[in-house]
Amino acid sequence: MVHSSDTVQSSKPKPIPETVAFDRKELSTILNVYGRQVAKGEWKDYAIDMMKDRAVFSIFKRASEMPVFRIEKDPKLRKKQGMYRVVGHAGQVLKRGHELHQVLRVLDGDIVALR
């Protein structure tokens, strides 16, 4: 006789963790702002990181430095402050919101004032 406590539970494979990424429209919006600043000579390089909890587009003045700005997408904050934010080099949140194009307006302003 086999008791239910004696049965071996079937081990289902764990699902692969989903990563957060920028979609095509979001990347296009970000790259439009990035391209304008590159044309002005303000920015030189970028990096994109996709993690389990957020996606980050980092902007560099020079490739060997820390990022000057980070554009972050954090879906956990979707119903709170908005899932998009722009973070300065010292970690300060410069702008956050629900719509990416509105959040990125802080980067189209006077970049000298944000340094």
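**Reading a cavity and two aspartates**

Modeller: Strand 3 and strand 4 each contribute at least two residues to the lining of the largest cavity. The model before us is predicted.

Biologist: Where should a newcomer begin, and in what order do the elements run from the N terminus?

Modeller: One begins with the order of helices and strands along the chain. The protein has 4 helices and 5 strands. From the N terminus, their order is α-β-β-β-β-β-α-α-α.

Biologist: What percentage of the residues is buried?

Modeller: A residue counts as buried when its relative accessible area is under 20%. Of the 115 residues in the protein, 32% are buried. As for the surface, the protein exposes about 8100 Å², and carbon and sulfur atoms supply 53% of that area.

Biologist: How does one read contacts along the sequence, and what share of them joins residues 24 or more positions apart?

Modeller: One sets a minimum separation and then asks which contacts span a longer stretch. Among contacts with a separation of 6 or more, 32% are between residues 24 or more positions apart.

Biologist: How is a cavity found, and how many of 30 Å³ or more are counted?

Modeller: Rolling a probe the size of a water molecule over the atoms shows where empty space is left. In this protein the count is 1 cavity of 30 Å³ or more. The largest cavity has a volume of about 40 Å³.

Biologist: Which residues line the largest cavity?

Modeller: The lining consists of Glu-72, Lys-73, Asp-74, Leu-77, Gln-81, Gly-82, Met-83, Tyr-84, Arg-85 and Arg-96.

Biologist: Where does Asp-74 lie, and which residues does Asp-74 touch beyond four places in sequence?

Modeller: Asp-74 belongs to the loop that joins strand 3 (69-73) to strand 4 (84-88). Setting aside residues up to four places away, Asp-74 touches Asp-53, Arg-54, Met-83 and Arg-85.

Biologist: Which side chain of opposite charge is nearest to Asp-74, and how far away is it?

Modeller: A salt bridge requires the charged atoms to be within 4 Å. Asp-74 is buried but has no salt bridge, and Arg-85, the nearest side chain of opposite charge, is 4.1 Å away.

Biologist: Let us turn to Asp-108. Why is Asp-108 classed as partly exposed?

Modeller: The class between buried and exposed runs from 20% to 50%. Asp-108 is partly exposed because its relative accessible area is 35%. Asp-108 is situated in helix 3 (residues 105-108).

Biologist: Which residues are in contact with Asp-108 beyond its neighbours within four places in sequence?

Modeller: Those residues are Val-33, Arg-36 and Gln-37. Gln-37 and Asp-108 are 71 residues apart along the chain, while their C-alpha atoms are separated by 8.1 Å.

Technical notes. Residues are numbered from 1 along each chain as its sequence is written. This is a predicted model: local features need pLDDT of at least 70, side-chain atom pairs count only at pLDDT 80 or more; totals for chains, interfaces and linings use all residues. Side-chain values use heavy atoms; hydrogens and water are left out. Buried means under 20% relative accessible area, exposed over 50%, partly exposed in between (1.4 Å probe, protein chains only). Lys and Arg count as positive and Asp and Glu as negative; His and the chain ends are not counted. Contact means heavy atoms within 4.5 Å. Accessible areas come from the Shrake-Rupley method with a 1.4 Å probe; for residues, only the protein chains shown count as cover. On a 1 Å grid over the protein atoms alone, a cavity is a set of points where a 1.4 Å probe fits but cannot get out, and a pocket is an open set with protein on both sides within 12 Å along at least five of seven lines; lining residues have an atom within 4 Å of a point. Grid points are joined across faces, edges and corners, and a volume is the space filled by probe spheres set on the points.
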